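Here is a set of short exercises to work through with the model open beside you. Try each task first, then compare your steps with the solution.

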Amino acid sequence: MNIKISDSWKPILQTEFEKPYFEVLMKYVKEEYAANSCFPAVNQIFEAFNLCSFEDLKVVIIGQDPYHGEGQAHGLCFSVNEGIKHPPSLKNIFKEIESDLSIPYPESGNLSRWANQGVLLLNATLTVKSKNAGSHQNKGWEQFTDAVISIISEKKEHVVFLLWGDYAKKKGKKIDPKKHCVFTSGHPSPLSANRGYWFVNKHFSKTNNYLKTKNLSLIKW
């Protein structure tokens with residue numbers, strides 16, 4: 001399977017691409033896409049890396065797997081294509097930004113605008129079968145994204161990691177907290193948010209406050 005990933009990440013991840021597990025994973029993904037309707041589109045599987053270069057990376061947000069409804073997923077966690085109804089978790093993210101930074105709730109649920117500023121919107125699993133949540137889990141994607149997090153932790157410094165929910169927190173074990181800033185909270189899904197584990201976490205202002213202390217440009221959320 002032809003991997004379409006930006007030149008800034010290719011040399012960083014080349015060793016991972018050559019490992020046996022990744023070759024098996026790519027074979028599985030190719031077969032799944034040939035036999036079934038899967039998301040995101042093949043040329044957007046690595047979109048998180050294509051829109052956020054390794055050099056510009058300042059913030060990492062970790063999701064679980066892509067949306068599995070028609071037209072939703074386009075390779076960035078929590079994000080949906082233009083004109084698509086905002087899923088519940090994304091609504092709660094925007095509500096928290098509205099509360100935290102007094103930024104009006106946006107019309108567009110496409111978070112490419114964040115990725116272009118250095119926010120890596122990384123799902124733990126990068127593909128999914130249509131209408132079948134979690135269908136491509138435990139096939140090798142988790143090993144790959146664990147490696148991505150480890151590489152970022154090792155090769156970068158002063159990156160803000162936003163870990164929302166237990167799943168993301170477990171992925172966070174790969175992060176060196178002495179080199180990076182880690183903020184954790186409940187997941188923005190309605191179940192977690194309505195129990196008081198999401199709202200008022202102020203992660204968006206906290207992220208910018210940290211970036212400011214490191215003389216890095218702030219994210220326009």
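**Exercise 1. Cysteines**

Task: Explain why the sulfur of Cys 77 takes part in no bond with the closest cysteine sulfur.

Solution.
- Step 1: The closest cysteine sulfur to that of Cys 77 belongs to Cys 52, and it is 11 Å away, which is too far for a bond.
- Step 2: Recall the rule, by which a disulfide is a pair of cysteine sulfur atoms within 2.5 Å. In chemical terms, a disulfide is a covalent bond between the sulfur atoms of two cysteines.
- Step 3: Applying this rule gives a count of 0 disulfides. Cys 38 is likewise in no disulfide, as the nearest cysteine sulfur, that of Cys 77, is 20 Å away.
- Step 4: Now check the surroundings. Cys 77 is buried at 0% relative accessibility, and Cys 38 is buried at 9%. Buried means under 20% relative accessible area, exposed means over 50%, and partly exposed is in between, with a 1.4 Å probe and protein chains only.

Before you go on, two notes on the input: this is a predicted model, in which local features need pLDDT of at least 70 and side-chain atom pairs count only at pLDDT 80 or more, while totals for chains, interfaces and linings use all residues. Residues are numbered from 1 along each chain as its sequence is written, and side-chain values use heavy atoms, with hydrogens and water left out.

**Exercise 2. The sheet**

Task: Work out the strand order of the open sheet of 4 strands, and find which strands are at its edges.

Solution.
- Step 1: Set the terms. Helices (H or I, at least four residues) and strands (E, at least two) are DSSP runs, numbered from the N terminus. Two strands pair if DSSP finds at least two bridges between them.
- Step 2: Start from E2, which is joined to E3 by 5 bridges and to E5 by 3 bridges. Both pairs run parallel.
- Step 3: Strand E5 (residues 160-164) is in turn joined to E6 by 5 bridges, again parallel.
- Step 4: The order is therefore E3-E2-E5-E6, with parallel pairing. The edge strands are E3 (119-123) and E6 (181-185), each pairing on one side only.
- Step 5: Confirm the register with residue pairs. Gly 63 stands opposite Asn 123 in E3, Val 60 stands opposite Phe 161 in E5, and Phe 161 has Val 182 as its bridge partner in E6.

**Exercise 3. The setting of E2**

Task: Is strand E2 (residues 59-63) largely enclosed by the rest of the structure or largely open, and why?

Solution.
- Step 1: Take the faces one at a time. Val 59, Ile 61 and Gly 63 are buried on one side, and Val 60 and Ile 62 are buried on the other.
- Step 2: Since 5 of the 5 residues are buried, E2 is largely enclosed by the rest of the structure.

**Exercise 4. Unusual backbone geometry**

Task: Locate a cis peptide bond and two non-glycine residues with positive phi.

Solution.
- Step 1: Keep the usual case in mind: most residues other than glycine have a negative phi, and most peptide bonds are trans.
- Step 2: The cis bond joins Phe 39 and Pro 40, with omega about -5°. Pro 40 is in the loop between strand E1 (38-39) and helix H3 (47-51).
- Step 3: Ser 102 has a positive phi of about 55°. Ser 102 lies in the loop between helix H4 (88-101) and helix H5 (112-115), and is exposed at 65% relative accessible area.
- Step 4: Val 200 has a positive phi of about 70°. Val 200 sits in the loop between helix H8 (190-194) and helix H9 (203-213), where it counts as exposed at 59% relative accessibility.

**Exercise 5. A loop residue**

Task: Is Glu 18 buried or exposed?

Solution.
- Step 1: Find Glu 18 in the loop between helix H1 (10-17) and helix H2 (20-35).
- Step 2: The relative accessibility of Glu 18 is 52%, so the residue counts as exposed.
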